[in-house]
Amino acid sequence: TETAQIKSVESLDKGNDMERGLKNRHVQFIAIGGTIGTGLFLGSGKSIALTGPSIIFVYIGVGLIMFLLMRAIGEMMYSDPSQHTFINFITRYLGRGWGKFAGWTYWIVLILTGMTEITAVSTYFVTFFGTFGIDLNSWKWLIELCFLVALTGINLIAVKVFGEAEFWFSMIKITLIVGLIVTAIVMLIIGFSYPATHIEGVDGTVSGATVSLTNITDGFQLAPNGWMNFFMSFQMVFFAYQLIEFVGVTVSETQNPRKVLPKAVNELIVRILIFYVGALVAIMAIVPWRNFHQNADGSFGSPFIMVFKYAGLDWAAALVFFVVITAAASALNSLIYSAGRHLYQLASDSESPAMARLAEVSDHKVPAKAIVASGCMILFSPIINAIPGISGAFVLFASAASAVVIFIYVLTMLAHHRYRQSSDFLP
C-alpha cells in the first residue's frame, strides 16, 4: 500500500539529510524537460539534412534504447530511493573501483557539459537581443557570470525552488513544441501553401511548397544521402537524448518516490513520440526535407524559425531564441543540481578530510558546498573561451568526454543485470 511504501522509504532515509521537497508535478516536468534540449530547436535542421525523413526512425530507435536504460535506473532507484545518484548502484553491484571511476568521470562530464551550456546560454542571449539590433558581444562574460550566479542561487535556496524553476522552464519548452504541432495540423487541414521565401539565417531562398504529409513520403529512402550520413545521425540523436537519466538523480529528494518514479519513467517513451517524433513530423510536413541544407558558414537554419515564418509570424526568430535560452538555462540548472549531488556523494564516500567538507548539508537541506564548488568549476568557461588556442582544444575535449557517458551507461546496465540476480531485486 501507499502508506507502507512511505514507511519503507522513511526507514531507508535514516542517513539521508536532504529534504524530500520535489512534488509529483516537479518530477514529471523534470522528466519531460530532460528529454527536450536545445538540439531539438536548433540542431534538428542538421539531423534532417543528414538523412531526411528516416531521422524519425533514428529518434525512435535511440529513444527505445534510452527508455531501457531509464527502466534499469528506475528499477534500482525504486528498490532503494534513499540513493542520491544511480552511480551508487555501480559501486554496489560492480565494485568500489568501478563506482569510483564512474562517479568521478560522470561528475567531470557534467562540469564540462555545464561549461558548454553556459557558453551556449550567452551565445543565444546575444543572438536574441541581436534580433532587436542590440550588440552584447563584448558582455558575454558578464552574461555567463549572471546566469551562473542566478542558477546556483536557485539551487542553494531549497530543492523545491529548483523543482519550481524546472517546472516553468519545461512548460515554456513544451508550449513551443505544442504550438508547432498545432500550427502544422491547422496548415494541413486548410491546405496551406507558401511561396519561395528568404529565411533569416538560411543562405539563399527556400523554395515554396504546400503543407502535406506527402512532403515526408515522396521519394522516401532510408539513407538518401548515403549510409555514412545515416549512421552519423545516430551520434547526433544520442547527444540530443544525453542527460535523460537526470530524473534518476532527483529520487532521494522526491516525495513518495515509489509512486512518482514509475510514472516518470514509464511515460518517457510517450513523451519521446510526442515531443521529438511529433515535432519532426510537423516540421517535415511543412518544410520538405530537401529544403534543409548547410549554409555558407557551416550552420543550419532552425526548423522552428522556418515553420513560424511560413505561418506569417515575423517575430518567430525572437520567440524561438527566447525558448532556446530557456532550454539552455534549464539544462545548466539541471547540470548544477546533478553535479552538486554527485560531488556530495563522492565526498561522502571519500576518506579525505578535505573532501569531507563537501559532504555537508546546509540549513536549507541542500549540499550547498558541493553545489558552489561545482559552480566554481563551471565558472572557468568564460576564461577558457577568452583564450583562442585553448578554446578550440576545449571543444574537442568536451565532446570526447561526453562520449565517455556511453561507457557509464554500459556499466549502469551491467549493474542492473547484477541487481536482478541479487536478493535486493523487487519483482
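Here is a short chat between a learner and a teacher about reading a predicted model.

Q: Before I look at any detail, how much confidence does the chain average, and where is it lowest and highest?
A: Remember that this is a predicted model. Where pLDDT is low, the predicted coordinates should not be read in detail. Here the chain averages a pLDDT of 83, and 88% of the residues score at least 70. Confidence is lowest in helix α1 (residues 2-12), with a mean of 50, and highest in α5, at 94.

Q: Okay, what is the chain built from?
A: Look for helices and strands before anything else. The chain has 18 helices and two strands.

Q: How much of the chain is buried, and how much accessible surface does it have?
A: A residue counts as buried when its relative accessible area is under 20%. Of the 427 residues in the chain, 53% are buried. The accessible surface comes to about 18000 Å², and 67% of that belongs to carbon and sulfur atoms.

Q: What share of the contacts join residues at least 24 apart?
A: Take the contacts between residues at least 6 apart in sequence: 81% of these join residues at least 24 apart.

Q: Let's try one helix. How many residues does α8 have, and what distance does it reach?
A: Start with the general picture: an α-helix has 3.6 residues a turn, so residues three or four places apart point the same way. Now go to α8, which covers residues 159-190 and has 32 residues. From first C-alpha to last it reaches 47 Å, close to the 46 Å expected at 1.5 Å a residue. After α8 comes Gly191, with a positive phi near 65°.

Q: And α5, how many of its residues are buried?
A: Six of the eight residues in α5 (residues 87-94) are buried, so this helix is largely enclosed by the rest of the structure. The buried ones are Ile87, Asn88, Phe89, Ile90, Tyr93 and Leu94. Following α5 is Gly95, and its phi is positive too, near 115°.

Q: How many salt bridges does the whole structure hold?
A: You look for a Lys or Arg side-chain nitrogen within 4 Å of an Asp or Glu carboxyl oxygen. A search of the whole structure turns up six salt bridges.

Q: Which residue pairs with Arg25, and what does the pair tie together?
A: Arg25 forms a salt bridge with Glu164, and their closest N and O atoms are 2.8 Å apart. Arg25 sits in helix α2 (residues 24-34) and Glu164 in helix α8, so the pair ties together parts 139 residues apart in sequence. Arg25 is partly exposed at 32% relative accessibility, and Glu164 is partly exposed at 26%.

Q: Where do Arg92 and Asp80 lie, and are they buried or partly exposed?
A: The side chains of Arg92 and Asp80 meet in a salt bridge, at 2.8 Å from N to O. Arg92 lies in helix α5 and Asp80 in the loop between α4 (55-79) and α5, so they link parts twelve residues apart in sequence. Arg92 is partly exposed, at 37%, while Asp80 counts as buried, at 8%.

Q: What about Arg341, which residue does it bridge to?
A: Arg341 forms a salt bridge with Glu253, again with the closest N and O atoms 2.8 Å apart. Arg341 is in helix α14 (residues 316-349) and Glu253 is in the loop between α10 and α11 (257-266), so the pair ties together parts 88 residues apart in sequence. Both Arg341 and Glu253 are buried.

Q: Now the outside. Which residues make the nonpolar surface patch?
A: Here you look for nonpolar side chains grouped on the surface. Phe57, Phe220, Leu222, Trp227, Phe231 and Phe234 make a nonpolar patch of about 620 Å². Helix α10 (residues 227-241) gives the most to the patch, with three residues. Leu222 is in the loop between α9 (214-217) and α10, and is partly exposed, at 38% relative accessible area.

Q: One last thing: what does Asn215 touch, and how far is Ala359 from Tyr344?
A: To read a contact, skip the neighbours in sequence and see who is left. Asn215 is in helix α9 and counts as buried, at 13% relative accessibility. Leaving out residues up to four places away in sequence, Asn215 touches Thr210, Met284, Ala285, Ile286, Pro288 and Trp289. Ala359 is in the loop between α15 (353-356) and α16 (368-378). Ala359 and Tyr344 are 15 residues apart in sequence and 5.0 Å apart in space, C-alpha to C-alpha.

Conventions: Residues are numbered from 1 along each chain as its sequence is written. This is a predicted model: local features need pLDDT of at least 70, side-chain atom pairs count only at pLDDT 80 or more; totals for chains, interfaces and linings use all residues. Side-chain values use heavy atoms; hydrogens and water are left out. Buried means under 20% relative accessible area, exposed over 50%, partly exposed in between (1.4 Å probe, protein chains only). Helices (H or I, at least four residues) and strands (E, at least two) are DSSP runs, numbered from the N terminus. pLDDT is the predictor's confidence in each residue, from 0 to 100. Patches are made of residues with over 30% relative accessible area and no salt bridge: like charges are joined within 9 Å, nonpolar side chains (Val, Leu, Ile, Met, Phe, Trp, Tyr) within 5 Å. Accessible areas come from the Shrake-Rupley method with a 1.4 Å probe; for residues, only the protein chains shown count as cover. The expected span of a helix is 1.5 Å times one less than its number of residues. Contact means heavy atoms within 4.5 Å.
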